[in-house]
Amino acid sequence: MASFMSRAGLSLFNRSTALSARQAIPLRHAPNVKKKSKQGKDVKKKKPKIVIRKPSEIVPPIDPEAIPNLELRESFRRRSLNKISEEEEEKRVLLLKEWSRFKMQQHKEDLQRIQEMTRCREEALKELKKSSMYLYLEAIKIDKTLFPLEFTGPTETPPIAGYSAPDLDPDEKKK
C-alpha cells in the first residue's frame with residue numbers, strides 16, 4: 001500500500017517547504033457532524049483508583065467484639081435484681097460454707113498422702129543405705145530420661161574487658 005501511495009504522489013512522509021505545494025491524503029471529513037464531547041470519553045476511560053499501601057501501613061483486622069457497644073450499657077437494658085428470700089440466702093451461704101469445708105478437707109488429705117509417701121521413701125532409702133551403698137547411690141541418681149529437658153546456651157557470661165561495675169551504695173548515691 002505504501003508503494004501505491006508513493007507512486008500516486010500521496011506520501012505521508014513528504015517534507016514540504018513553504019514554497020512547495022502540499023499534498024495530503026483526503027480525510028473523511030463531514031462538517032455537518034459534531035464531534036463527540038470529551039466528557040463522555042473521560043467517563044468511559046476513568047478507572048477506579050487503586051490505593052497501594054506500604055507494608056508498614058497495613059492495618060491489622062479489628063475484632064468486632066473488642067469494640068464496646070455503648071447501647072448495652074444504657075440503664076433501660078439493665079436487669080433488676082431478683083429479691084431472694086432470707087431463707088434462700090441463708091441456704092446458699094450454708095451450702096457455700098459446706099463446699100469450702102469439703103475442699104479444705106480434700107486439700108489436707110492430699111498433703112497427708114504426700115507427706116506419708118515422702119516419709120516412706122526416706123525410710124526405704126535409709127534401709128537401702130544400710131544394706132548396700134551401690135544400690136543406694138543408684139536409687140538416688142537422677143533419671144534424666146524421665147523428664148527429657150535440655151538447656152542450651154551459655155551458663156556463664158564472660159566478663160567484658162575494661163568494664164567496672166557501678167557501686168550502688170546509698171551513701172555514694174547521694175553525692
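The following paragraphs lead through the fold, the surface and the side-chain contacts of this protein.

The structure is a predicted model. Its secondary structure consists of five helices and zero strands, and from the N terminus on the elements run α-α-α-α-α. Among these helices are H3, which spans residues 86-131, as well as H4 (133-140) and H5 (170-174). Of the 175 residues in the protein, buried residues make up 2%. The accessible surface comes to about 19,900 Å², and carbon and sulfur atoms account for 58% of that surface.

Helix H3 is a convenient place to begin with the charged side chains. In general, side chains of opposite charge can pair when their charged atoms come close. The structure holds seven salt bridges, and several of the residues involved can be followed along this helix. One of the bridges joins Arg119 to Glu116, with the closest N and O atoms 2.5 Å apart. Both residues lie in helix H3, where a spacing of three residues places them about one turn of the helix apart. Arg119 also meets Glu123 in a salt bridge, again with an N to O distance of 2.5 Å. Here the spacing within helix H3 is four residues, which is likewise given as about one turn.

Arg119 thus takes part in a bridge with Glu116 and in another with Glu123. Together, Glu116, Arg119 and Glu123 are linked in a network of salt bridges. How exposed are the members of this network? Arg119 has a relative accessibility of 41% and counts as partly exposed. Glu116, at 38%, is also partly exposed, and so is Glu123, with a relative accessible area of 44%. Each of these values falls between the limits of 20% and 50% that bound the partly exposed class.

A further salt bridge is formed by the side chains of Glu122 and Arg121, with an N to O distance of 3.8 Å. This distance still meets the criterion for a salt bridge, because the cut-off is 4 Å. Glu122 is partly exposed, with a relative accessible area of 39%, whereas Arg121, at 52% relative accessibility, counts as exposed.

Helix H3 also carries an aromatic contact. A pair of aromatic rings is described by the distance of the centres and the angle of the planes. The count for the structure comes to one aromatic pair. In this pair, the ring centres of Trp99 and Phe102 are 5.6 Å apart and the planes stand at 35 degrees, so the arrangement is tilted. The class follows from the angle because planes under 30 degrees apart would count as stacked and those over 60 as edge-to-face. Trp99 and Phe102 are three residues apart in helix H3, which means that about one helical turn separates them. With a relative accessible area of 53%, Trp99 is exposed, while Phe102 is partly exposed at 46%.

The surface patches complete the picture. Glu86, Glu87, Glu89 and Glu90 form a negative surface patch. Within this group, Glu89 has its place in helix H3 and is partly exposed, with a relative accessibility of 48%. Residue 86 is also where helix H3 begins, the helix covering residues 86-131.

A patch of another kind is nonpolar and covers about 580 Å² of the surface. Its members are Leu146, Phe147, Leu149 and Phe151. Where does Phe147 lie in relation to helix H4 and helix H5? Phe147 is placed in the loop between helix H4 (133-140) and helix H5 (170-174). This residue is exposed, with a relative accessible area of 63%; the class follows because exposed means over 50%.

Conventions:
Residues are numbered from 1 along each chain as its sequence is written. This is a predicted model: local features need pLDDT of at least 70, side-chain atom pairs count only at pLDDT 80 or more; totals for chains, interfaces and linings use all residues. Side-chain values use heavy atoms; hydrogens and water are left out. Rings of Phe, Tyr and Trp (its six-membered ring) pair if their centres lie within 6.5 Å; planes under 30 degrees apart count as stacked, over 60 as edge-to-face and the rest as tilted. Helices (H or I, at least four residues) and strands (E, at least two) are DSSP runs, numbered from the N terminus. Buried means under 20% relative accessible area, exposed over 50%, partly exposed in between (1.4 Å probe, protein chains only). Patches are made of residues with over 30% relative accessible area and no salt bridge: like charges are joined within 9 Å, nonpolar side chains (Val, Leu, Ile, Met, Phe, Trp, Tyr) within 5 Å. Accessible areas come from the Shrake-Rupley method with a 1.4 Å probe; for residues, only the protein chains shown count as cover. Lys and Arg count as positive and Asp and Glu as negative; His and the chain ends are not counted. The place of a charge is taken as NZ of Lys, CZ of Arg, CG of Asp or CD of Glu.
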